[in-house]
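Reader: I should be grateful for a close examination of a single part of this structure, followed outward into its surroundings. Please set it out as one connected account.

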Amino acid sequence: MKIATWNVNSLKVRLPHLLDWLAARQPDVVCLQETKLEDDKFPRQEIEAAGYQVVHSGQKTYNGVAILARQPIEEVQAGIPGFADEQKRVLAASVGGVRVVCVYIPNGQSLDSDKYQYKLRWLDALIAWIGEERGRHPGLVLLGDYNIAPADADVHDPAAWAGNVLVSEAERSRFRALEALGLRDAFRLFAQPEKSYSWWDYRQGGFRRNLGLRIDHILLSGPLAETCVGCEIDKGPRKLERPSDHAPVLAELG
DNA sequence: ATGGCGCGCGCAGCGCGA
C-alpha cells in the first residue's frame, strides 16, 4: 500500500496538479489538507473518475481535509471526538484494515497569539485521542500537515527560526508525545538527503533556494512501521506553475 | 524594520498561512 499526504492549498486551484500526480504516482491512499471547499463543492466526479473513492470534511475559505482511496473507505470519523472545534481539520477512516487519520494541525501564527494556545490545546486533544485509537487499531497511520518541524534538521535556518511557531519546544514536545505512543516518523526510518523539506515559502525564491521546513509527516504505528519499505518527499509538483507551497510525502507499506 | 507570495472573498484591499 502506497499512502500519501499533501497540503494542496486550495483544491479548486490545484485539482489539475492532483489528477496528474495521482496518475503518475498511483498512490492507494491520499490525505489532503487545506481543500478550502464546502463538501458540496468538492470535485467528486473528477476524483472518482481517476479511480478513487473519497470522503471530505470541509468549509469555505479555510481548512478542509479529505481521504482518497482505491479500496472502500469505512468507519469515517470527522473531528476529534469530545473536542469541540468549528474548524475542519481531522478526518479518520479505515481502508484495507488500516486506520487512516488525516490531520491539518493548526499553524499557531505566533507564540503570543491565542491561535498558539489553540494549537497546543488541539495537540493535547489529538494525543489523548490517538492514544485511545491506537489501542483499537494496531495498524494506524497519522499523517498530514503537522505545522511542526520536529528537529533542527528539519529547518533550513534553525537560528533564524528560533522563537517562532512550528519549532517551539512546546510544539516539539507534543510531537514527541505522539512518538511516545509508539508511532514512528516514516521519513526517518530511512537514510534521507540532507536538507529535506516539505514546505517552502512562496516569497523570496524559497523553493529555488531550498529555504524550507519539514512539517508534513507520516507517523506509523509499530506494526505498520515494520512493513514500511520507503518514504520520500516528492518535490515534483512544487516545480510546476502555480504550485502548492507544500510537497506531497509518500510512504510505501509492504 | 517591514514585507516580500498566493489564496479566498469579492471587486478593494485585507486576513491568513508558515
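Author: Ala92 has Val101 as its bridge partner in E7. This is a predicted model, and the pairing in question belongs to the ladder between E6 and strand E7 (residues 98–104), where six bridges join two antiparallel strands. Another pair of that ladder is formed by Val95 and its partner in E7, Val98. The hairpin of E6 and E7 has two residues between the strands, and in this hairpin Gly96 adopts a positive phi near 55°.

On its other flank, E6 is joined to strand E5 (residues 73–78) by four bridges, and these two strands also run antiparallel. Here Val95 of E6 stands opposite Ile73. Val95 thus appears in both ladders, with Val98 as its partner in E7 and Ile73 opposite it on the E5 side. Strand E6 itself, residues 90–95, is mostly covered, since five of its six residues are buried; the criterion for burial is 20 or more other C-beta atoms within 10 Å of the residue's own. As a general matter, side chains in a regular strand alternate between the two faces of the sheet.

The wider setting of E6 is an open sheet of six strands, ordered E5-E6-E7-E8-E12-E9 and mixed in its pairing. E5 and strand E9 (184–185) stand at the edges with a single partner strand each, so one side of each lacks a neighbour in the sheet.

Helix H3 (residues 114–136) lies across E7 and strand E8 (140–145), and its direction makes an angle of about 170° with E7. H3 also meets another helix: its axis and that of helix H5 (residues 169–180) come within 10 Å and cross at roughly 10°. Angles under 35 degrees count as roughly parallel, and H3 and H5 are therefore described as roughly parallel to each other. From H3, the contact is made by Leu120, Leu123, Ile127 and Ile130, while H5 contributes Ala170, Arg174, Ala177 and Leu178. By class, the residues of this contact comprise seven nonpolar, no polar and one charged.

Tyr116 is also part of H3. With 19 other C-beta atoms within 10 Å, Tyr116 counts as partly exposed, because burial requires 20 or more. Apart from neighbours within four places in sequence, the contacts of Tyr116 are Gly108, Gln109, Ser110, Leu111 and Val165. A view of the distance to another part of the chain is given by Cys228, which is 112 residues from Tyr116 in sequence and 33 Å from it in space, C-alpha to C-alpha.

Cys228 leads to a second open sheet, as strand E13 (228–233) is one of its edge strands. Six strands make up this sheet, in the order E3-E4-E2-E1-E14-E13 and with mixed pairing. Its other edge strand is E3 (53–57), and each of the two pairs on one side only. On average, neighbouring strands here are turned by 10° against each other, direction ignored. E13 is held to strand E14 (residues 249–253) by five bridges in an antiparallel arrangement, with Ile233 standing opposite Val249 of E14.

The loop between E13 and E14 contains Arg242. Arg242 has a positive phi of about 50° although it is not a glycine. Most residues other than glycine have a negative phi. Arg242 is exposed, with 10 other C-beta atoms within 10 Å, and the limit for that class is 12 or fewer. Asn9 likewise has a positive phi, near 50°, and is located in the loop between strand E1 (2–7) and helix H1 (11–25). Asn9 is partly exposed, with 19 other C-beta atoms within 10 Å.

Finally, the nucleic acid should be considered. DNA strand B is surrounded by 23 residues, the closest of which are Ser10, Lys60, Asn107, Tyr202 and Arg203. The surface near DNA strand B has six nonpolar, nine polar and eight charged residues.

Technical notes
Residues numbered from 1 in each chain as written. Chains lettered and ligands numbered in written order. Predicted model: local features only at pLDDT ≥ 70, side-chain atom pairs only at ≥ 80, totals over all residues. Pairing = 2+ DSSP bridges. Contact = placed C-beta atoms within 7 Å. Axes fitted to C-alpha atoms, helices over the stretch in contact; angles between N-to-C directions. Near = placed C-beta within 6 Å. Nonpolar A, V, L, I, M, F, W, Y, C, P; charged D, E, K, R; others polar. Parallel < 35°, antiparallel > 145°, perpendicular 65-115°, else oblique.
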